[in-house]
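Good morning, and thank you for making time on the agenda. I would like to walk through one structure with you, beginning with its charged side chains and ending with its surface.

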Amino acid sequence: MADIPEDTLRVALRRLFMGAPLFLPLAGVVGCLQGGQWWALSLAAVVSAHLLQLRRIFICILLCIGIAFLHDSLQQRNINLLQEQIVSSGSVELEGTVERMLNKGCILSTGVNGVRVVLRGDTPWHTGDRVRVTAVEQPLQEAAVEGMFDTKSWMKSQGLAANLRVLRGEYLGRSVSWYALLGAAESVREHLTQTIAPPGTEDDARRQVLCALALGDKSLAEQETLNIFKRGGCLHAFAVSGLHVGIVAGFLYTLAYLGHLSPRTRTVLVLTVVGVYVIVTGLAVPALRAYLMIMLVLLGLELRRRVSMLNIWSFAALLILLVSPWQLHNAGFVLSFAVYAGLGIGVRLCMNDGPWFAPDAYLPRRLYSRVQRFVCRFDFAFRGCVVVSLSAWLVSLPITMAFFHSLTPISYLTNIAISPLLPFVMGAGLLSALTGWIPYLGAAVHWCALQGSALLIAVTEFFAGMPMSYLPAVAPQPQDAVMVCNLGYGESVTVLGNSGVVIGCGSPGTAGFRTEPSLFFSGFTPVALLTDRRDAGSYVLKNTWPDLHVIDGETLNHYLHMKTTAGEFLITPPPQGISLAIRRATQPLVLWKLGKRSVLYIGNADSLTLEALPDSLWEDVGVIILGHNEDFPVDIPQLLRKMSQGKCILLPNAPEIPADAVAPGIELLRVTDEKPLLRFTLQP
């Protein structure tokens, strides 16, 4: 292929950047906010504008980089001052406005150039309230595995300076601010939510989807409902995004056009109604991005100016980053703008691509038969859906891997399948919320909305149930892998082999936020789960691995022998002579044999069960996992003397072991709050 002449390339780049003059300033701001090696992107933007003799763009780049740098530096300085104050005095007194309510607390904003913090504890306020609090820092529990919910990472993505626990709080009144408007919008959203999901119907998954899809209210959503959309790869459909804002704007504009309203009236109507909708639904970044772009497109058409989608896209991103620099670390911001870029590429490919099923392109359209006209329309719609969805999926794939450490290979098909359903379900949900007070009409619309929501759930659940629909972005663990994870409050979960046996899972909340993510994002696929009376969250793991065999250790009264690809497992229950009360406080022993290597899980087992094991068993045991049983404690020094070498893993509730009880060839490891995860493979 012949080289492109330098002048031709220069002219093409100059034309591109002059058509989208805010693209280079956006690149400069991104490089500045990311820092480190990303400063090369800012330098490249400045050098490009200089070499192409784009003087106004050059000045704009320097100005935007300066604003972003000063804003980010000032915020970092305030964060450091707050941390120093907390360390020096132990507590901090803050005054500010409640920005947003959380499940257990709220976010407090201390001003335009101030810090934003998380307040935990007794926070009986509402969005927009002015408060004064005295608080202390609450330690953060870091995620044991990448992919689990990490409070520290979440705070970074929200631009929050500290995680504080409230000691005292004082209500100062209602502020006159932007947050007061958001608080009023939140009240309106709650009222509309109750129209769709009246008290007593919150458990209905159909209503949960309607509230999230139409109003952006996910407070009613249960984890099971969220998992359907997460595993289907279309969690974006479970909230108000740019797609939903575009649907509302397009519907309103079409009605205004059919009503023969003037162009100016149409523009004012669409921008006003859509703006109110974006605020009422919570002002999410994807919705704000879509609104800004729609506003600029309509204003450009009204002023008869050339509309550059790349420039509008750059303006929306640049404006959000200059106001809130921390958005660059927010998955919603990155996904929204990146996916829109993918959609734009897909649309361009569709416009340049020829028909797939349509008649001969050289045949005049006036000669098409009725069937041929239908085929043309079907070809255009199908081709657009396939190509545009594929472009968006390819762009979002690396981003979801980076932020969520997961892969959704089926999401491409899921999004194609639900594309025709989303406008109907969303429109019916909105009409249901707005017409619920009208007799007969409100009931009819509500029924249609529920049926559409049920169909949307069924389609998503079908694709979510396909093999390989939701995968961790890590390689599977080897067969001889062992993992022990601290669940908090002295509890733990142990995994023996892949695919092997999981011991313990915790409560439903613990299983959902710690046990299941630690297994999934580590690359384990368990075959069996051994539970006791404390493990009420076993159904959470069953939702992820439907073929999981749950063994109730409390009622197990016979030896259980299992054989999987990870080896052989012998589960030994407590002796029959132990009373029921003591039996409920014990655990079965688990012996895992893989070739000539063996692991003995003792956990909270009693000494009587351990004594029943034959002495020949200890010849191949290379790893012992110990807990503590208060009624019949195991003699740990005597136990360790049976091992000449290997590992001894102490669970969080295990007692301290004297130094003279550990032989030189035994490696002693303990799982604690500071070291919540222990993962290793058996040595041959």
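I begin with a salt bridge between the side chains of Glu170 and Arg132, in which N and O lie 2.9 Å apart. This pair joins distant parts of the chain, since Glu170 belongs to strand 5 (residues 163–174) and Arg132 to strand 4, with their positions 38 residues apart. Please keep in mind throughout that the model is predicted.

How exposed are the two partners? Glu170 has a relative accessible area of 40% and is therefore classed as partly exposed. Arg132, with a relative accessible area of 28%, is also partly exposed, because that class runs from 20% to 50%.

Arg132 has a further partner. Glu95 forms a salt bridge with Arg132, and the closest N and O atoms of that pair are 3.3 Å apart. Here too distant parts of the chain are linked: Glu95 sits in strand 1 (residues 92–102) and Arg132 in strand 4 (residues 129–137), 37 residues apart. Glu95 is partly exposed, its relative accessible area being 35%.

Which residues make up the wider network? Glu95, Arg130, Arg132 and Glu170 are linked by salt bridges into one network. As general background, side chains of opposite charge can pair when their charged atoms come close. In total, 12 salt bridges are counted. Another of these pairs Asp204 with Arg206, at 2.9 Å from N to O. Arg206 has a relative accessible area of 26%, so this residue is partly exposed.

Let me now step back to the chain as a whole. The secondary structure amounts to 22 helices and 20 strands. The C-alpha atoms occupy a box of roughly 90 × 70 × 70 Å along the principal axes. There are 684 residues, of which 49% count as buried. The accessible area of the chain is about 34,500 Å², and 61% of that is supplied by carbon and sulfur atoms. Among contacts with a separation of 6 or more, 65% are between residues 24 or more positions apart.

I turn next to individual helices. Helix 2 (residues 23–34) contains 12 residues and spans 17 Å from its first C-alpha to its last, close to the 16 Å expected at 1.5 Å a residue. Is this helix mostly covered or mostly open? Helix 2 is mostly covered, with 10 of its 12 residues buried. Among the buried positions are Leu24, Pro25, Gly28, Val29, Val30 and Cys32. Just after helix 2, Gly35 adopts a positive phi of about 70°.

Helix 12 (residues 309–323) offers another check on helix length. Its 15 residues should span 21 Å at 1.5 Å a residue, and its end C-alpha atoms are indeed 21 Å apart, so the two values agree. The buried residues of helix 12 include Asn311, Trp313 and Ser314, together with Ala316, Leu318 and Leu322.

Two buried positions deserve separate mention. Gly346 lies in helix 13 (residues 331–352). Its relative accessibility is 0%, which means that Gly346 counts as buried. What does Gly346 contact beyond its neighbours within four places in sequence? Gly346 is in contact with Val387, Val388 and Ser391. The C-alpha atoms of Gly346 and Ser389 are 7.6 Å apart, although 43 residues separate the two along the chain.

The second position is Thr414, in helix 15 (residues 411–418). Thr414 is likewise at 0% relative accessibility and so counts as buried. A polar atom of the Thr414 side chain lies 2.9 Å from the backbone oxygen of Gly232. Leaving out residues up to four places away in sequence, Thr414 touches Gly232, Cys234, Thr460 and Phe463.

I close at the surface. Which residues form the nonpolar patch there? The patch consists of Leu9, Leu13, Leu16 and Leu310, which together have about 300 Å² of accessible area. Helix 1 (residues 6–19) contributes the largest share, three residues. Leu13 is located in helix 1. With 32% relative accessibility, Leu13 counts as partly exposed, and it can join the patch because the requirement is over 30% relative accessible area. In general, residues three or four places apart on an α-helix point the same way, because there are 3.6 residues a turn.

Thank you; I would be glad to take questions.

Methods:
Residues numbered from 1 in each chain as written. Predicted model: local features only at pLDDT ≥ 70, side-chain atom pairs only at ≥ 80, totals over all residues. Heavy atoms only, no water. Patch = residues over 30% accessible without salt bridge, like charges linked within 9 Å, V, L, I, M, F, W, Y side chains within 5 Å. Areas by Shrake-Rupley, 256 points an atom, 1.4 Å probe, with all protein chains shown as cover. Salt bridge = Lys/Arg side-chain N within 4 Å of Asp/Glu carboxyl O. Helix = DSSP H or I, 4+ residues; strand = E, 2+ residues; numbered from the N terminus. Buried < 20%, exposed > 50% of the residue type's maximum accessible area, 1.4 Å probe, protein only. Polar contact = N/O pair within 3.5 Å; in protein donor to acceptor, adjacent residues only side chain to side chain. Contact = heavy atoms within 4.5 Å. Expected span 1.5 Å × (residues − 1).
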